[in-house]
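Work through the exercises below with the sequence and the model open. Each task is followed by a solution in steps.

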Amino acid sequence: MKILCVCGLGQGTSLILRMNVESVLRELGVSADVEHTDVSSASGMAADHIITSNELAQSLQGHSANIVIVNNYFDLNEIKEKLKDTI
């Protein structure tokens with residue numbers, strides 16, 4: 001399974017989200033290839049799931065991946081609940 005963590009520039013915020021997603025996946029016992037990137041690169045990348053904010057999700061409409069919206073990239077409980085519903 002491939003998961004993209006997406007922010008506007010693909011630098012700091014998406015990296016933090018990626019680390020938090022990896023932490024939650026370990027806790028859930030789920031194995032996945034997790035990458036972080038910017039929104040324009042993500043639109044052309046293959047993935048099973050894209051985790052991003054509501055604002056950026058609008059830019060990714062039409063992507064074949066399942067779009068998961070997270071409001072707080074630092075909230076491990078929110079990330080865990082969203083991933084449990086998705087995976």
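## Exercise 1: Serine 23 and lysine 84

Serine 23 lies in helix 1. The model is a predicted one.

Task: Classify serine 23 as buried, partly exposed or exposed, and state how far serine 23 and lysine 84 are from each other in sequence and in space.

Solution.
1. Serine 23 has a relative accessibility of 27%, so it counts as partly exposed.
2. In sequence, serine 23 and lysine 84 are 61 residues apart.
3. In space, their C-alpha atoms are 13 Å apart.
4. Lysine 84 is also partly exposed, its relative accessible area being 43%.

## Exercise 2: Salt bridges

Task: State how many salt bridges the structure holds, and describe those of lysine 84, lysine 82 and lysine 2.

Solution.
1. There are five salt bridges in the structure.
2. Lysine 84 pairs with glutamate 81, with an N to O distance of 3.5 Å. Both residues belong to helix 4 and are three residues apart, about one turn of the helix. Glutamate 81, at a relative accessible area of 41%, is partly exposed.
3. Lysine 82 pairs with glutamate 78, and their closest N and O atoms are 3.7 Å apart. These two are four residues apart in helix 4, which means a separation of about one helical turn.
4. The partners in this pair are classed separately: lysine 82 is partly exposed at 27%, while glutamate 78 is buried at 14% relative accessibility.
5. The spacing within the helix can be read from general geometry: an α-helix has 3.6 residues a turn, so residues three or four places apart point the same way.
6. Lysine 2 and glutamate 35 form a salt bridge at 3.1 Å, N to O. Lysine 2 is in strand 1 and glutamate 35 in strand 2 (residues 33–38), so this bridge ties together parts 33 residues apart in sequence.
7. Both ends are partly exposed: lysine 2 has a relative accessibility of 22%, and glutamate 35 has 27%.

## Exercise 3: The faces of helix 4

Task: Find which residues of helix 4 are buried, and decide why they line one face of the helix.

Solution.
1. The buried residues of helix 4 are Glu78, Ile79 and Leu83.
2. Viewed down the helix axis, these residues fall within an arc of 125°, so they line one face of helix 4.
3. The face turned away from the buried side carries the exposed residues Asn77 and Asp85.
4. The buried residues pack against helix 1, strand 3 and strand 4 (66–69).
5. For isoleucine 79, contacts beyond four places in sequence are Leu17, Asn20, Val21, Val24, Val70, Asn72 and Tyr73.
6. At the start of helix 4, a side-chain oxygen of aspartate 75 comes within 3.0 Å of the backbone nitrogen of asparagine 77.

## Exercise 4: Nonpolar cores

Task: Describe the largest nonpolar core and say which element gives the most to it.

Solution.
1. The largest nonpolar core has 13 residues, and those with the most contacts inside it are Leu17, Val21, Ile51, Ile79 and Leu83.
2. Strand 1 (2–7), helix 1 (12–28) and helix 4 (76–86) are the elements that give two or more residues to this core.
3. Helix 1 gives the most, with four residues.
4. A second, separate core has nine residues, among them Leu4, Ala42, Ile50 and Leu60.

## Exercise 5: Threonine 52

Task: Locate threonine 52, decide whether this residue is buried or exposed, and list what it touches.

Solution.
1. Threonine 52 is part of strand 3 (residues 49–52).
2. Its relative accessibility is 0%, so threonine 52 counts as buried.
3. The threonine 52 side chain reaches the backbone oxygen of valine 6 at 3.0 Å.
4. Residues up to four places away in sequence aside, threonine 52 touches Val6, Ala57, Leu60, Ile67, Val68, Ile69, Val70 and Tyr73.

## Exercise 6: Cysteines

Task: Count the disulfides and explain why cysteine 5 does not bond to cysteine 7.

Solution.
1. A disulfide requires two cysteine sulfur atoms within 2.5 Å.
2. The cysteine sulfur closest to that of cysteine 5 is in cysteine 7, at 9.6 Å, which is too far for a bond.
3. The count of disulfides is therefore zero.
4. Both cysteines are buried: cysteine 5 has a relative accessible area of 0%, and cysteine 7 has a relative accessibility of 6%.

Key: Residues numbered from 1 in each chain as written. Predicted model: local features only at pLDDT ≥ 70, side-chain atom pairs only at ≥ 80, totals over all residues. Heavy atoms only, no water. Buried < 20%, exposed > 50% of the residue type's maximum accessible area, 1.4 Å probe, protein only. Polar contact = N/O pair within 3.5 Å; in protein donor to acceptor, adjacent residues only side chain to side chain. Contact = heavy atoms within 4.5 Å. Core = buried A, V, L, I, M, F, W, Y, C linked by side-chain atoms within 4.5 Å. Salt bridge = Lys/Arg side-chain N within 4 Å of Asp/Glu carboxyl O. Arc of directions from axis to C-beta.
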